[in-house]
Amino acid sequence: MGFFRRDKKSAQSARERLQLVLIHDRTDLTPAELDVLKNELIAVIARHIHIDPDAVRIELEHEGREQRLVADIPLRNAEKRR
Amino acid sequence: MSAKVITVTSGKGGVGKTTTVANLAVALALTGDRVVCIDGDIGLRNLDVILGLENRIVYDLVDVVEGRCRLRQAMIRDKKLSNLFLIPAAQTRDKNAVSPSDMVRVCDELRPDFDWVLIDSPAGIERGFRYAIAPADQAIIVTNPEVSAVRDADRVIGLLEAEEKGSPSLIINRLDVNMVRRNEMLSAEDVVDLLAIRLIGIVPEDDRVLIASNRGRPVVLDEAAVTARVFQNIARRLKGEDVPFIDLGNRGLWSRLFSGRR
Ligand SMILES: Nc1ncnc2c1ncn2[C@@H]1O[C@H](COP(=O)(O)OP(=O)(O)OP(=O)(O)O)[C@@H](O)[C@H]1O
Ligand SMILES: [Mg+2]
């Protein structure tokens with residue numbers, strides 16, 4: 001290993017690129033489509049409960065060959081009733 | 001006794017399917033099992049030359065399917081191993097000459113007399129792939145540690161799952177340990193993590209594979225080659241043995257000098 005910072009080794013690029021490509025191949029969702037889906041999900045949820053859209057995390061995860069869409073949506077306390 | 005039918009497929013072309021079928025067929029036959037391999041690559045016949053049997057062909061798979069000969073007449077016996085047979089592909093026809101149900105019928109006729117039927121699938125995911133996997137009890141995916149080959153392998157695994165062929169086994173071919181060590185090639189672990197199927201073999205990049213194909217004598221018969229042991233071990237795994245993976249990591253100059261003794 002060198003003393004100077006070097007470009008990322010190509011095996012790591014291959015790994016990272018494949019991780020993304022495979023998720024999207026398997027789900028038949030492009031990254032752009034996934035973004036649209038996330039935004040629509042957030043909008044629907046925000047209509048029913050008070051959330052901070054910036055704190056929402058919605059990601060495709062995989063376990064073995066199974067993909068799942070995992071959402072972590074922190075809820076705000078209902079301080080005031082309207 | 002009834003044969004197990006195994007189809008070797010990959011999605012991407014040129015990754016080593018034919019090499020794998022030839023070597024596993026010989027390796028299984030060396031253990032005494034009765035083996036027949038079928039060249040499913042109609043129009044691009046290759047398995048015959050890799051096995052060194054090209055001069056013996058009279059009838060082929062399409063002749064069988066179209067009723068011009070009996071199955072037995074299209075089976076070529078290996079020169080040395082009397083328990084190894086090849087059913088060659090037709091060279092002047094195309095993939096439309098065979099259907100999935102034709103392959104199922106041919107394999108059903110072979111099953112009672114053999115322990116193994118190995119099918120060499122053509123590249124791609126079209127008709128040739130479809131008929132090649134139709135009779136399979138199990139599929140083996142061959143890939144190279146390379147982005148496009150792994151991606152295509154993943155697609156084929158998805159198709160096999162959709163066909164309810166169960167989870168296929170994986171052979172990673174042409175791994176260059178020195179490149180992996182320099183972090184310039186995906187490692188076997190990387191590929192297994194990505195594809196998430198059972199690994200049954202890691203075949204190194206080896207000049208002897210080409211030399212073997214020049215001679216028409218599969219590398220598994222080359223006693224000095226590590227790759228010969230690699231294929232023998234894959235055959236043992238297919239037979240249900242739990243065989244540890246060979247450490248390909250110490251292939252420096254020193255061990256290369258002594259590779260004949262390993
Ligand atoms: N482990 C290896 N080391 C070096 N060369 C190899 C190795 N495996 C295969 N090759 C070479 O790669 C080339 C392609 O191999 P092969 O014909 O087995 O692939 P294939 O998947 O059957 O191709 P196709 O999709 O065209 O049928 C051949 O020239 C072969 O000699
Ligand atoms: Mg081939």
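Ala, Val, Leu, Ile, Met, Phe, Trp, Tyr, Cys and Pro are counted here as nonpolar, Asp, Glu, Lys and Arg as charged, and the others, Gly among them, as polar. On this division, the lining of the largest pocket comprises 13 nonpolar, ten polar and seven charged residues. The structure is a predicted model.

The largest pocket encloses about 580 Å³ of space. Its lining is made up of 30 residues, of which B:G14, B:V15, B:G16, B:T18 and B:T19 are the closest to the pocket centre. Two or more lining residues come from each of the elements α1, α2 (47-51), β7, β8 and α10 (207-215) of chain B. Among the contributors to this lining, α10(B) gives the most, with five residues.

The largest pocket is also the space taken by ligand 1. The shell around this ligand draws two or more residues from each of α1 (17-30), β7 (169-175) and β8 (198-204) of chain B. The largest share of the shell, three residues, is supplied by α1(B). In total, 16 residues surround ligand 1, and the closest of them are B:G14, B:K17, B:T18, B:T19 and B:N173. By class, the shell consists of five nonpolar, six polar and five charged residues.

Several polar atoms of chain B lie beside oxygen atoms of ligand 1. For B:G16 the atom belongs to the backbone, and a ligand oxygen is found 2.9 Å from this polar atom. For B:T19 a polar side-chain atom is placed 2.5 Å from an oxygen atom of ligand 1. The side chain of B:R174 likewise has an N or O atom at 3.1 Å from a ligand oxygen. Ligand 1 taken alone exposes 640 Å², and 79% of that area is buried by the protein.

Enclosed spaces were examined as well. Over the whole structure, the search returns two cavities of 30 Å³ or more. The volume of the largest cavity is about 70 Å³. Its lining is formed by B:I200, B:G201, B:I202, B:V230, B:N233, B:I234, B:R237, B:F245, B:I246 and B:L248. At least two of these residues are supplied by each of β8 and α11 (226-238) of chain B. The most is given by α11(B), which provides four residues. The lining divides into seven nonpolar residues, two polar residues and one charged residue. Strand β8 of chain B thus appears in the lining of the largest cavity, in the lining of the largest pocket and in the shell around ligand 1.

The second largest cavity has a volume of about 40 Å³. Residues of both chains line this cavity: A:Q19, A:L22, A:I23, A:R26 and A:H62 from chain A, and B:L194 from chain B. Helix α1 (residues 10-27) of chain A accounts for the largest share of the lining, with four residues. By class, the residues around the second largest cavity are three nonpolar, two polar and one charged.

Conventions:
Residues are numbered from 1 along each chain as its sequence is written. Chains are lettered from A and ligands numbered from 1 in the order in which they are written. This is a predicted model: local features need pLDDT of at least 70, side-chain atom pairs count only at pLDDT 80 or more; totals for chains, interfaces and linings use all residues. Side-chain values use heavy atoms; hydrogens and water are left out. A residue is near a molecule or strand if one of its heavy atoms lies within 4 Å of it. A polar contact is a pair of N or O atoms within 3.5 Å; within protein, one must be able to donate a hydrogen and the other to accept it, and residues adjacent in sequence count only if both atoms are side-chain atoms. Accessible areas come from the Shrake-Rupley method with a 1.4 Å probe; for residues, only the protein chains shown count as cover. On a 1 Å grid over the protein atoms alone, a cavity is a set of points where a 1.4 Å probe fits but cannot get out, and a pocket is an open set with protein on both sides within 12 Å along at least five of seven lines; lining residues have an atom within 4 Å of a point. A molecule sits in a cavity or pocket if more than half of its atoms lie within 2 Å of its grid points. Grid points are joined across faces, edges and corners, and a volume is the space filled by probe spheres set on the points.
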